Amino acid sequence: MTQALRILVVEDDPAIRKFLRIALGAQGYDYVEAATAAQALGHFDGPLPEVIILDLGLPDGDGMDLLRYWRRISTRPVIIISARGQERGKVEALDAGADDYLTKPFGTGELLARMRAVLRRHTAATPERHEMATGNLRMNVERREVTIAGAAISLTPLEFKLLEVLMTNRGKVLTHRYLLRAVWGPGYASETHYVRVYMNSLRRKLHADASSPGYITTEVGVGYRLRDDPET
Ligand code: CA
């Protein structure tokens with residue numbers, strides 16, 4: 001039996017949360033919920049949800065901010081649920097990387113169909129690269145684990161995302177601009193100091209063991225490269 005897919009619902013209206021809890025629970029999904037943006041962030045520390053169903057109007061912040069943050073750490077699907085007449089917010093959310101939207105009120109059948117569609121597209125677009133390795137460095141994207149010679153390394157979500165991009169492109173020189181777009185998003189293309197700061201902290205963590213080789217090389221004036229042959 002496969003493990004139930006975790007769905008995070010971020011919605012401040014308790015009636016809609018109850019409706020979704022029943023609808024998704026009945027389908028066997030692993031349902032988790034948040035009534036505020038802060039509660040939603042709490043769910044990003046453990047196993048990440050496969051799909052987020054996100055209301056844009058939250059009491060403690062804008063669902064857009066949550067969406068932008070999520071896009072920095074994950075490519076997994078987000079479905080916006082918005083009130084009728086909020087066309088502008090919907091377009092903004094799609095531009096920021098939301099996968100689809102539903103207008104309230106919506107029925108169970110429609111929601112489940114949209115969820116199946118975004119999951120299908122996501123799976124088709126994601127190559128099999130859950131487990132990646134170079135030298136002693138191993139990364140399991142699905143389990144969010146990074147180890148060096150079997151010892152676990154603890155990374156922040158952004159460091160993890162940065163390493164994931166480097167591992168996916170190991171052996172290749174990645175420009176500052178490419179890394180900014182891939183890790184932080186299209187709006188951050190000129191913030192090169194972000195890359196420097198996070199690359200430094202990532203390097204410190206990867207090089208914590210004096211006997212481990214240098215994994216990340218600096219290509220002066222261009223960017224960085226994760227070595228594909230760190231033993232040599
Ligand atoms: Ca709301």
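Is Gly-57 buried, partly exposed or exposed? In this predicted model, Gly-57 has a relative accessible area of 44% and is therefore classed as partly exposed, since that class lies between the 20% limit for buried residues and the 50% limit for exposed ones. Asp-55, by contrast, has a relative accessible area of 5% and is therefore buried.

Both residues belong to the calcium site. The ion has Asp-12 (OD), Asp-55 (OD) and Gly-57 (O) as its protein donors, at 2.2 to 2.4 Å. Along the chain, these donors are spaced as D-x42-D-x1-G.

The protein chain contains eight helices and 14 strands. Its domain assignment consists of domain 1 (6-124) and domain 2 (131-226). The centres of domain 1 and domain 2, computed over C-alpha atoms, are 29 Å apart. Contact between the two involves seven residues of domain 1 and eight residues of domain 2.

As for overall dimensions, the C-alpha atoms occupy a box of roughly 60 × 45 × 30 Å along the principal axes. The radius of gyration of the protein chain is 19 Å, which agrees with the value near 17 Å for a compact globule of 232 residues. Of these 232 residues, 44% are buried. The exposed area of the protein chain is about 11,800 Å², of which 51% comes from carbon and sulfur atoms. When contacts between residues at least 6 apart in sequence are considered, 56% join residues at least 24 apart.

In soluble globular proteins, nonpolar side chains tend to be buried together. The largest nonpolar core in the present model has 28 residues, and the members touching the most others are Leu-137, Leu-163, Leu-166, Leu-179 and Ile-216. Two or more residues of this core come from each of strand E9 (137-140), strand E10 (145-148), helix H6 (157-168), helix H7 (176-184), helix H8 (192-206) and strand E14 (223-226). The greatest contribution is that of H6, with seven residues. A second core, separate from this one, comprises 22 residues, among them Ala-34, Leu-56, Met-64 and Leu-67.

The surroundings of Leu-137 were examined individually. With residues up to four places away in sequence left out, Leu-137 touches Met-132, Val-146, Thr-147, Ile-148, Leu-163, Met-167, Leu-206, Tyr-215 and Leu-226.

Conventions: Residues are numbered from 1 along each chain as its sequence is written. This is a predicted model: local features need pLDDT of at least 70, side-chain atom pairs count only at pLDDT 80 or more; totals for chains, interfaces and linings use all residues. Side-chain values use heavy atoms; hydrogens and water are left out. A nonpolar core is a set of buried Ala, Val, Leu, Ile, Met, Phe, Trp, Tyr and Cys residues joined through side-chain atoms within 4.5 Å. Buried means under 20% relative accessible area, exposed over 50%, partly exposed in between (1.4 Å probe, protein chains only). Helices (H or I, at least four residues) and strands (E, at least two) are DSSP runs, numbered from the N terminus. Contact means heavy atoms within 4.5 Å. Donors are N, O and S atoms within 2.8 Å of the metal (3.2 Å for Na, K and Ca); water is not among the atoms, so sites may look incomplete. The radius of gyration is taken over C-alpha atoms; the globule rule is 2.2 Å times the number of residues to the power 0.38. Accessible areas come from the Shrake-Rupley method with a 1.4 Å probe; for residues, only the protein chains shown count as cover. Domain bounds come from an automatic or database domain assignment.
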